[in-house]
Amino acid sequence: TLRNIIRPGTLAVRLVANIIAGHLLLTFLGNIGPSLSLTLVSFLMLAQILLLILESAVALIQSTRGHITLSWSFVQSERGKTKLIYGVYIYVKQKELVNGVISYECERRRHNNFKAKVKVCGNEVVG
């Protein structure tokens with residue numbers, strides 16, 4: 001879908017904006033350093049280290065966000081069978097399990113020896 005095409009771009013823009021903002025803040029604090037006393041410089045260095053750790057954590061979280069939150073949808077094949085699109089892979093219905101859980105297996109399982117399976121219960125991917 002269009003969302004899957006646009007989302008990586010928007011996440012990249014957010015990541016770059018946060019990195020630039022963090023670097024600007026670190027630069028601003030670094031430029032203040034020469035005018036401070038020795039005691040305040042040590043606090044300033046501690047604050048910069050903590051901000052650097054925070055900036056790295058934000059960058060890590062935002063860079064993995066696109067991989068963790070995979071979108072999924074159902075489509076009908078030409079033969080009328082239900083297929084599941086999860087991330088960039090297509091899964092075909094394998095069997096219905098207990099409690100309304102439906103098991104899907106990767107469409108490429110025979111060609112590329114993929115063994116990936118997805119389990120869906122209602123409107124939620126459960127495994």
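Helices (H or I, at least four residues) and strands (E, at least two) are DSSP runs, numbered from the N terminus. With that in hand, welcome to the tour.

**Before you start**

This is a predicted model, in which local features need pLDDT of at least 70, side-chain atom pairs count only at pLDDT 80 or more, and totals for chains, interfaces and linings use all residues. Residues are numbered from 1 along each chain as its sequence is written, and side-chain values use heavy atoms, with hydrogens and water left out.

**Stop 1: the whole chain**

Select everything. You should find 2 helices and 6 strands, following the pattern α-α-β-β-β-β-β-β along the sequence. Now colour by pLDDT, the predictor's confidence in each residue, from 0 to 100. The chain has a mean of 80, and 86% of its residues reach 70 or more. Among the elements, S4 has the highest mean pLDDT (85) and S6 the lowest (72).

Next, switch on the surface. Accessible areas come from the Shrake-Rupley method with a 1.4 Å probe, and for residues only the protein chains shown count as cover. About 9500 Å² is exposed by the chain, with carbon and sulfur atoms supplying 64% of it. Buried means under 20% relative accessible area, exposed means over 50%, and partly exposed lies in between (1.4 Å probe, protein chains only). Of the 127 residues, 16% count as buried.

**Stop 2: helix H2**

Select residues 38–68, which form helix H2, and pick out Leu 46 within this helix. Leu 46 is partly exposed, at 46% relative accessible area. Add Leu 40, Phe 43, Ile 49, Leu 50 and Ile 53 to your selection: together with Leu 46 they make a nonpolar surface patch of about 610 Å². Such patches take residues with over 30% relative accessible area and no salt bridge; like charges are joined within 9 Å and nonpolar side chains (Val, Leu, Ile, Met, Phe, Trp, Tyr) within 5 Å. A salt bridge is a side-chain nitrogen of Lys or Arg within 4 Å of a carboxyl oxygen of Asp or Glu.

**Stop 3: the sheet and its edges**

Move on to the strands. Two strands pair if DSSP finds at least two bridges between them. Here an open sheet of 6 strands runs in the order S1-S2-S3-S4-S5-S6, with antiparallel pairing. Strands S1 (72–76) and S6 (124–125) stand at the edges with a single partner strand each, so one side of each is left without a neighbour in the sheet.

In S1, select Val 75. Val 75 is partly exposed, with a relative accessible area of 31%. Beyond its neighbours within four places in sequence, Val 75 is in contact (heavy atoms within 4.5 Å) with Lys 81, Thr 82, Lys 83 and Ile 85. The C-alpha atoms of Val 75 and Ile 85 are separated by 7.4 Å, though the two residues are 10 apart along the chain.

**Stop 4: around S5**

Select S4 (residues 101–106) and S5 (residues 117–121), an antiparallel pair joined by 5 bridges. Ser 103 stands opposite Lys 119, and Val 101 opposite Cys 121. Which residues of S5 lie on its covered face? They are Val 118 and Val 120, while Lys 117, Lys 119 and Cys 121 make the uncovered face.

Finish at S6, which pairs with S5 in the antiparallel sense over 2 bridges. Val 125 in S6 is the bridge partner of Val 120. The hairpin of these strands has 2 residues between them, and Gly 122 takes a positive phi near 65° there.
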